[in-house]
Each structure stands twice: as C-alpha cells, then as structure tokens.
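Here is a short report for a first look at a structure. Keep the view open while you read.

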Amino acid sequence: MCGRYSLRATGEELTERFGADGVGFEPTYNAAPGQSLPVVREEERRSLDLLDWGLVPSWSDDADGYINARSETVAEKPSFAEAYEGRRCLVPVDGFYEWDDDPYYVGFERVAGLAGIWERRVPDRRQSGLDEFGGEGDGQEVQETFAILTTEPNEQVARLHHRMAAVLAPEEEDGWLDGSLTADELDPRDEPATVRRVSERVNDPSNDDPSLVEGM
DNA sequence: CCAGACGTTGTT
DNA sequence: GTCTGG
DNA sequence: CCAGACGTTGTT
DNA sequence: GTCTGG
C-alpha cells in the first residue's frame with residue numbers, strides 16, 4: 001500500500017505542525033511516486049525538505065527507487081539498512097488512496113506523520129563523461145529520496161488491502177526520528193479516518209484538485 | 001574466489 | 001556497500 | 001500507485 | 001508484457 005496520498009497543507013502549516021525549519025509547498029490532492037514531496041528530518045535542526053518519493057540506495061546505478069519498505073524486514077535489507085539506522089523521516093499526509101479494483105480514499109482528521117526513511121546519493125562524476133562540456137545540465141546532481149514503511153493494515157483498511165502505511169502516533173514522532181523507536185514496534189494504528197469510494201480520475205497522476213478526495 | 005543481486009505490490 | 005549463490 | 005510508451009534516422 | 005514517468 002501507499003502509492004498515492006494527499007497533503008492538504010501549506011509549507012507554513014507543516015513547519016508549524018512539526019516544529020521544523022520551512023520550505024515552500026502547496027497542498028496536493030494526488031501525491032505520486034517520483035514527485036518531490038515534503039518530509040521532516042532531524043539533522044542539526046529539524047527541517048522540512050522536498051525529497052523525491054522512491055528511495056534509491058547510495059550504491060545503486062539506476063535512478064528508480066523503492067516507494068515502500070516492509071517494517072518487518074527494513075532493518076536487514078541491504079537496500080534499506082543504512083537509511084533505517086541513521087536516516088529516518090516523517091512523511092506528512094492527511095489521507096491516502098487505496099485501490100481495490102476501484103479507488104478509495106482514506107482521509108484523516110488531521111495531518112499525520114508516516115514512518116519514512118531517506119537516502120542521499122552523490123552520482124559518480126567519473127562515469128558521466130560529460131564534465132568536459134561544463135557540467136551544466138548533465139543531471140548529475142545530489143539526489144535525495146525517501147520510502148514509506150508499511151505494516152499490516154488496521155481493521156478499517158483491511159477491507160480494502162492487506163498492507164498499510166505505518167502511521168505514527170504524534171508522541172512516537174520524536175522516537176522515530178532519533179532511532180529509539182524500532183521498526184518492529186510499528187503497529188497498525190487506528191488513526192481516525194473516513195473511507196470513501198472516489199472517482200477514477202485519481203488514477204491519472206496529472207489530475208490534482210479538491211474533488212479527487214470527495215466521495216461519489 | 002568472483003558474479004550478481006539488492007524491493008514492494010499484487011498476481012499466478 | 002554488503003550479502004548470497006555458485 | 002496508475003498511465004503511457006514501447007523506435008530510428010537525421011536534423012536542429 | 002515490461003519499462004519509464006509522474
């Protein structure tokens with residue numbers, strides 16, 4: 001689960017909610033893999049930054065990443081272990097979409113933080129062979145990416161799907177960021193939500209407007 | 001030792 | 001980079 | 001997650 | 001059917 005979500009909040013509202021340094025962001029009703037989306041990180045300071053959805057391991061040669069990581073195995077998988085150890089993040093969402101043939105929207109009553117991990121990849125310039133042309137526009141930029149952890153679903157989501165994004169309780173957010181909360185402590189949280197069937201217009205990621213989250 | 005994979009989802 | 005398979 | 005492309009030659 | 005792009 002969790003290959004599409006909504007975040008109806010501005011960058012300003014998110015920095016307030018998560019106590020983070022800010023970055024500009026406009027609400028979205030259809031956040032999709034590959035897009036640049038806001039996550040909360042805690043390095044020197046707590047910051048809200050735009051990262052690409054789809055974690056690419058630092059050693060990976062290709063550009064496409066993993067949008068989800070199983071909480072049951074994230075600590076051991078070579079692709080995720082380093083990020084799990086030292087690069088946690090919160091992924092702000094206020095609802096997500098789930099497909100059971102037809103699309104459904106699971107809408108929260110507030111902005112919640114999903115358990116995420118992130119990675120930084122510095123491309124090997126020696127392999128690009130394009131430096132002699134000035135390095136402009138060769139696409140060899142530092143790439144920061146993230147993945148959302150999954151667990152078994154809660155009772156409400158189980159009717160639609162057998163996996164669910166890991167929703168943190170507000171009091172768990174600090175522990176997730178600093179590593180004291182482990183992945184096996186994540187459990188299907190009964191975050192208050194309404195579930196409704198929505199229009200198939202959500203299928204096309206280029207559609208992004210308030211009517212997407214409205215019931216039919 | 002080197003070569004090759006390294007992931008999730010869902011579907012079969 | 002690190003683990004698995006041969 | 002779904003939608004949409006899936007190619008070459010030559011020219012700009 | 002499978003890969004890429006959003």
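A polar contact is a pair of N or O atoms within 3.5 Å; within protein, one atom must be able to donate a hydrogen and the other to accept it, and residues adjacent in sequence count only if both atoms are side-chain atoms. This is a predicted model, in which local features need pLDDT of at least 70, side-chain atom pairs count only at pLDDT 80 or more, and totals for chains, interfaces and linings use all residues. Residues are numbered from 1 along each chain as its sequence is written, chains are lettered from A and ligands numbered from 1 in the order in which they are written, and side-chain values use heavy atoms, with hydrogens and water left out.

**Confidence**

The model scores ipTM 0.84 and pTM 0.92. pLDDT is the predictor's confidence in each residue, from 0 to 100. Its mean over chain A is 91, and 91% of the residues of chain A reach 70 or more. Residues 126–139 stay under 50. The model has seven contacts beyond four places in sequence for residues 126–139, where contact means heavy atoms within 4.5 Å. Where pLDDT is low, the predicted coordinates should not be read in detail.

**The DNA strands**

A residue is near a strand if one of its heavy atoms lies within 4 Å of it. Around DNA strand D stand Gly3, Arg4, Pro33, Ile67, Trp99, Asn203 and Asp204. Sugar and phosphate make up 67% of the atoms of DNA strand D that come within 4 Å of the protein. By class, this surface has three nonpolar, two polar and two charged residues. Here Ala, Val, Leu, Ile, Met, Phe, Trp, Tyr, Cys and Pro count as nonpolar, Asp, Glu, Lys and Arg as charged, and the others, Gly among them, as polar.

DNA strand E has Arg4, Ala32, Pro33, Gly34 and Pro205 around it. For DNA strand E, sugar and phosphate account for 0% of the atoms within 4 Å of the protein. Its nearby surface has three nonpolar, one polar and one charged residues.

The table lists polar contacts with the DNA.

| Protein atom | DNA atom | Distance |
|---|---|---|
| Arg4, polar side-chain atom | Strand D, sugar or linking oxygen | 2.8 Å |
| Asn203, backbone N or O | Strand D, sugar or linking oxygen | 3.2 Å |
| Pro33, backbone N or O | Strand E, base nitrogen | 3.1 Å |

**The cores**

Buried means under 20% relative accessible area, exposed over 50%, and partly exposed in between (1.4 Å probe, protein chains only). A nonpolar core is a set of buried Ala, Val, Leu, Ile, Met, Phe, Trp, Tyr and Cys residues joined through side-chain atoms within 4.5 Å. The largest one has 51 residues, and Tyr5, Ile117, Phe146 and Trp176 have the most contacts inside it. Strand β7 (residues 102–121) gives the most to this core, with eight residues. Another core lies apart, with seven residues, including Tyr29 and Tyr105.

**Three loop residues**

Helices (H or I, at least four residues) and strands (E, at least two) are DSSP runs, numbered from the N terminus. Asn154 sits in the loop between β8 (143–151) and α4 (155–158). Asn154 counts as buried because its relative accessibility is 7%. Its side chain reaches the backbone nitrogen of Gln156 at 3.1 Å and the backbone oxygen of Arg189 at 2.9 Å.

Asp101 lies in the loop between β6 (88–100) and β7. Is Asp101 buried or exposed? Asp101 counts as exposed, at 76% relative accessibility. Its phi is near 65°, a positive value in a residue other than glycine.

Ala20 belongs to the loop between α1 (11–18) and β2 (28–31). At 12% relative accessibility, Ala20 is buried.
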